[in-house]
Amino acid sequence: MSEKIVIIGAGQAAIQAVQSLRAEGHAGPITLVGEEAYPPYQRPPLSKAYLLSQLERPRLFLKSDAYYGEAGVDLLLNTTAKAIDRAGKTVELTDGRKLPYDKLLLTTGARVRKLRCPGADLPGIFYLKSIADVDALQAAFLPGARIAIVGAGYIGLEVAAVGAKRGLQVTVFEAMDRVMARAVSPALSDFFMAEHVKAGVDVKLNTGVEGFEGSGKVERILAGGKSHDVDLVLVGIGVIANDELAREAGLAATDGIVVDRNAMTSDSAIFAAGDCTRHYGREGTLLRLECVQNAIDQAKHAALAMTGKPKDYSEVPWFWSDQYDLKLQIAGLARPSDRLVARGDPASRKFSVFHLRDGKIAAVEAVNAPQDYMIGKKLIAEGRAVPAETLADSAIPMKQIGV
Ligand SMILES: Cc1cc2nc3c(=O)[nH]c(=O)nc-3n(C[C@H](O)[C@H](O)[C@H](O)COP(=O)(O)OP(=O)(O)OC[C@H]3O[C@@H](n4cnc5c(N)ncnc54)[C@H](O)[C@@H]3O)c2cc1C
């Protein structure tokens with residue numbers, strides 16, 4: 001309980017780990033190393049209410065400044081960890097300092113995947129991961145501006161929705177044949193596509209980006225064999241796990257630091273949680289999740305294991321996205337081979353799609369249907385079989401199905 005714990009990466013998983021370590025009775029020193037200028041903050045609002053200027057910056061922070069002193073946490077901001085010496089049990093920082101540890105937790109998250117086409121380095125091309133990124137984007141994110149969004153994933157579409165609301169002229173370029181193709185079922189893609197078009201967003205599917213042109217800043221995007229005039233560009237094409245520190249230290253890592261069900265890496269003194277990890281999901285396959293749920297739950301399990309109370313991690317993953325007045329909530333992990341069952345009418349803007357596998361609910365996608373989502377999530381956790389006809393019949397209340 002008096003062991004020295006060092007946590008690298010000061011984000012969502014890190015702050016949860018701090019809180020859980022103290023709650024589990026860890027009384028020893030905790031050092032939290034973060035390369036950003038800010039203490040841990042929530043990222044989801046960055047592409048939603050914060051970009052829309054409906055949420056003040058202080059509301060992003062997960063804890064008050066006073067918390068760190070009260071919790072006995074040595075918070076080192078603007079500080080980057082460079083290497084781990086596993087034999088000597090120290091972490092080397094880029095400023096040359098060495099931090100000794102008894103147990104180490106890696107919560108280094110993920111970084112944005114960058115475009116590599118000609119002109120991709122021109123000013124006026126933005127990415128969205130941090131407070132600093134939003135601050136840079138805001139100066140150009142002005143009513144009337146022509147914004148090209150590369151990638152119709154969650155982030156691209158959330159920014160498209162905010163842009164349309166703010167009066168920008170929004171065009172989305174997507175290489176695949178439907179929006180959010182990797183994340184949702186075709187019915188959801190069609191629904192969200194129609195909503196964006198209704199809001200005035202020009203969504204160009206099957207349109208890969210070939211490059212950018214401009215003198216001094218981006219002025220044109222070349223995509224689908226055509227040139228389009230633009231004032232700014234936002235790229236949202238996914239993230240890459242920050243697993244290099246672990247890999248260079250010889251820990252198992254392939255597109256994410258591999259951890260067991262107790263968030264333990266291949267070194268029993270080193271744990272990892274959140275976007276930087278690859279873990280065994282409920283079905284036993286290795287997967288990498290980029291969501292708040294995984295950051296929080298895995299960090300809780302890491303804290304339990306680090307304090308000698310290991311408990312297998314097998315929570316149902318969940319995620320949400322806000323676009324216009326639509327709240328999309330997803331629980332579970334879908335597979336292309338799942339049987340899809342629709343509940344409710346998309347025209348009512350309140351409906352859901354259940355994914356059945358071997359008769360059991362494997363995943364649910366709900367739009368403005370929180371009860372379908374909540375009860376669906378519970379049924380997934382319980383591994384309950386529900387007849388497709390029952391789920392499809394919206395005259396049968398979800399509460400009744402969940403009993
Ligand atoms: C714009 C945006 C919108 C999102 N919306 C949603 C949403 O609606 N729902 C949802 O579930 N999830 C959403 N997410 C994802 C969610 O925010 C992440 O899954 C979550 O933040 C992961 O937490 P983490 O602690 O693993 O990583 P992070 O919170 O990213 O923290 C990692 C930290 O580690 C730091 N770091 C990395 N390497 C080092 C190093 N060597 N030394 C020191 N520090 C280092 C990084 O700079 C970073 O600050 C969104 C993410 C973004 C960017």
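The ligand is surrounded by 36 residues, and the closest are Gly9, Gly11, Ala13, Gly109 and Gly274; a residue counts as near a molecule if its C-beta atom, placed from the backbone, lies within 6 Å of it. The structure is a predicted model, in which local features need pLDDT of at least 70, side-chain atom pairs count only at pLDDT 80 or more, and totals for chains, interfaces and linings use all residues. Residues are numbered from 1 along each chain as its sequence is written.

By chemical character, the shell around the ligand holds 17 nonpolar, 13 polar and six charged residues. Here Ala, Val, Leu, Ile, Met, Phe, Trp, Tyr, Cys and Pro are nonpolar, Asp, Glu, Lys and Arg are charged, and the others, Gly among them, are polar. At least two residues of this shell come from each of α1 (12–23), α7 (292–306) and β22 (318–323). Such helices (H or I, at least four residues) and strands (E, at least two) are DSSP runs, numbered from the N terminus.

The protein chain is assigned domain 1 (5–111 + 239–306), domain 2 (125–235) and domain 3 (325–402), with bounds taken from an automatic or database domain assignment. Domain 1 and domain 2 each give at least three residues to the shell around the ligand. Between the centres of domain 2 and domain 3, taken over C-alpha atoms, lie 30 Å. Six residues of domain 2 nevertheless make contact with eight residues of domain 3, where contact means that two C-beta atoms, placed from the backbone, lie within 7 Å. On the side of domain 2 that touches domain 3, four residues are nonpolar, one is polar and one is charged.

An open sheet of three strands follows the order β13-β14-β15, with antiparallel pairing; two strands pair if DSSP finds at least two bridges between them. β13 (209–213) and β15 (226–229) are at the edges and have a single partner strand each, so one side of each lacks a neighbour in the sheet. From one strand to the next, the twist averages 25°, an angle between N-to-C directions on a scale from 0 to 180 degrees, with axes fitted to C-alpha atoms. Four bridges connect β13 with β14 (residues 220–223), and Val209 has Ala223 in β14 as its bridge partner.

Arg182 belongs to the loop between β11 (169–173) and α5 (186–198). Arg182 is exposed, because 9 other C-beta atoms lie within 10 Å; the cut-off for exposed is 12 or fewer, while 20 or more means buried and values in between mean partly exposed, with C-beta atoms placed from the backbone. The C-alpha atoms of Arg182 and Ala66 are 41 Å apart, and 116 residues separate the two along the chain.
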